[in-house]
Amino acid sequence: MSPLNASRPSSITFLLLGIPGLEHLHVWIGIPFCSMYVVAVMGNVTILAVVRAERSLHEPMFLFLCMLSVTDLVLSTSTLPRMLSLFWLGARDIAFEACLAQMFFIHSFTTMESGFFLAMAIDRYVAICDPLRHATVLTHSRITIMGAFVVCRGVAFFSPHPILLRQLPYCRTRIIAHTYCEFMAVVKLACIDTGATTHYSLSVASIIGSCDAILIAVSYVFILHSVFRLPSREASFKALGTCGSHVCVILVFYSTAGFSIFTHRFGKNVPAHVHIFVANIYLLVPPFLNPIVYGVRTKKIREHVLKVLRVKAA
C-alpha cells in the first residue's frame, strides 16, 4: 500500500469503524448512549447553575464539584455527538486535525477527572478527619491552586500526544477500529516503529492513574477509620452512605480505565468489541453518574433545585 503523504498529515481522513462485530447493533447501542449524554449534560449544567446562584454553596466540596462538572461536560461532548453520528447516520469520516483535537480532549480531560476525584477525596478527608481546620486548610486560594494544578497536569502530559502523531507517516489502512480517536488505535496505523511513542502514552496514563487511585484509597482508609470512631451510630451510617456512593463512582471510573490501559499492554486475547465497549463506558458512565451521586444525593443541591421548581410551579 502506498504511503500517505507524511509531509501533509492534515490532508488525511480517517474512518471510524465503531464497535467491531456489533455494527448491526449500532442504532440500538446509540439509544442508551444518547440517554446517558442527555442526563450528563442536564445534570452537570444544573449543578453549575445551582452552585453559581446559591452563595451558601461556595464551599470547597461544591467548588470541586463544579470543576468536575465542567470536565464531564467537555469529556462527554467531545465524544458523544460524534459517536452518535457514527451510530445513527453512518458518518465514519473524521479529518486528521479533528481526530487529534478529539484525542487531546479525551486524554487530557480524563486525567483532569482523575485529579478532581483526588481533590474531592482530600476535601472529604479534611472535612471528616479534621473538621475544625477544614475552612482554614482548604481556603479559596488553595482550591484555585489545586484546580489549576489538575488542569495544567492534564494539558502538560497529554499535549505531546497530538504533536507526536503529527510526525508519524501513515501508510496502512485509514480505518480506526474504534468509536472515537483513541491514541493507541491511531498510532497502530503508522508505518514505522512506534514503540517509544506507545510506551510514553501507556506509562504516563498508568503512572498518573495509579498514583491518583492510591492516594484516593489512602484518604478513604483514613476517612473510614474516623467514621467508625464516631460516637453516634446514625452519624456513622450517614457518613458511610455518602462515602459509599462516592466510592462506587470512583471504582467505575478507575476499573474501566484500568481495564482499557492494561488491555493495550497485556490483553491481546481480549475481543475487540469487549475492549471498545468498556472504553466507551469509561468515558460515558462517570459524566452520567457524577451529577446523580454528587448532585441528587447532596442535600443542599437537592433542596435548592426543589425550591426553584416550586417557585416556577407556583
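Which side chain meets that of glutamate 97 in a salt bridge? The views below are taken from a predicted model, and the legend to the first view gives the answer.

**View 1. A salt bridge joins glutamate 97 and arginine 166.**
The side chain of glutamate 97 meets that of arginine 166, with a distance of 2.3 Å from N to O. Because glutamate 97 lies in helix 4 and arginine 166 lies in helix 7 (residues 160–166), this pair ties together parts of the chain that are 69 residues apart in sequence. Glutamate 97 has a relative accessibility of 36% and therefore counts as partly exposed, and arginine 166, with a relative accessible area of 34%, is partly exposed as well. The count of salt bridges in this model comes to four.

**View 2. Aspartate 212 forms a salt bridge with arginine 153.**
Here the closest N and O atoms are 2.8 Å apart. The pair links distant parts of the chain, since aspartate 212 belongs to helix 9 (residues 195–227) and arginine 153 to helix 6 (residues 140–158), with their positions 59 residues apart in sequence. Aspartate 212 is buried, and arginine 153 is buried too.

**View 3. Aspartate 130 and arginine 133 meet through their side chains.**
This pair is also a salt bridge, with a distance of 3.3 Å from N to O. Aspartate 130 counts as partly exposed, because its relative accessibility is 28%. Arginine 133 is likewise counted as partly exposed, at a relative accessibility of 48%.

**View 4. Isoleucine 176 sits among the best-connected members of the largest nonpolar core.**
The core holds 75 residues, and those that touch the most other members are Phe14, Phe33, Phe117, Leu165, Tyr170, Ile176 and Val186. Helix 4 (residues 96–129) contributes the largest share of this core, with 13 residues. When residues up to four places away in sequence are not counted, isoleucine 176 touches Phe14, Leu15, Leu16, Leu17, Cys99, Cys181, Ala185, Val186 and Leu189. As general background, nonpolar side chains in soluble globular proteins tend to be buried together.

**View 5. Phenylalanine 33 and phenylalanine 277 form a tilted ring pair.**
A search of the whole structure finds 11 aromatic pairs. In the pair shown here, the ring centres are 6.1 Å apart and the planes stand at 35 degrees, so the pair is described as tilted. Phenylalanine 33 lies in helix 1 and phenylalanine 277 in helix 11 (residues 272–296), so the two rings tie together parts that are 244 residues apart in sequence. Phenylalanine 33 counts as buried because its relative accessibility is 3%, whereas phenylalanine 277, at 34%, counts as partly exposed.

**View 6. Ring pairs link four aromatic residues into a cluster.**
The members of the cluster are Phe117, Phe253, Tyr254 and Tyr282. Phe117 is also one of the residues that touch the most other members of the largest nonpolar core.

**View 7. A nonpolar patch lies on the surface.**
The patch covers about 640 Å² and is made by Leu25, Val27, Trp28, Ile31, Trp88 and Leu89. Helix 1 (26–53) and helix 3 (80–89) each supply at least two of its residues, and helix 1 gives the most, with three. Tryptophan 88 is placed in helix 3, and because its relative accessibility is 40%, this residue counts as partly exposed.

Technical notes. Residues numbered from 1 in each chain as written. Predicted model: local features only at pLDDT ≥ 70, side-chain atom pairs only at ≥ 80, totals over all residues. Heavy atoms only, no water. Core = buried A, V, L, I, M, F, W, Y, C linked by side-chain atoms within 4.5 Å. Buried < 20%, exposed > 50% of the residue type's maximum accessible area, 1.4 Å probe, protein only. Helix = DSSP H or I, 4+ residues; strand = E, 2+ residues; numbered from the N terminus. Contact = heavy atoms within 4.5 Å. Patch = residues over 30% accessible without salt bridge, like charges linked within 9 Å, V, L, I, M, F, W, Y side chains within 5 Å. Areas by Shrake-Rupley, 256 points an atom, 1.4 Å probe, with all protein chains shown as cover. Phe/Tyr/Trp six-rings, centres within 6.5 Å; stacked < 30°, edge-to-face > 60°.
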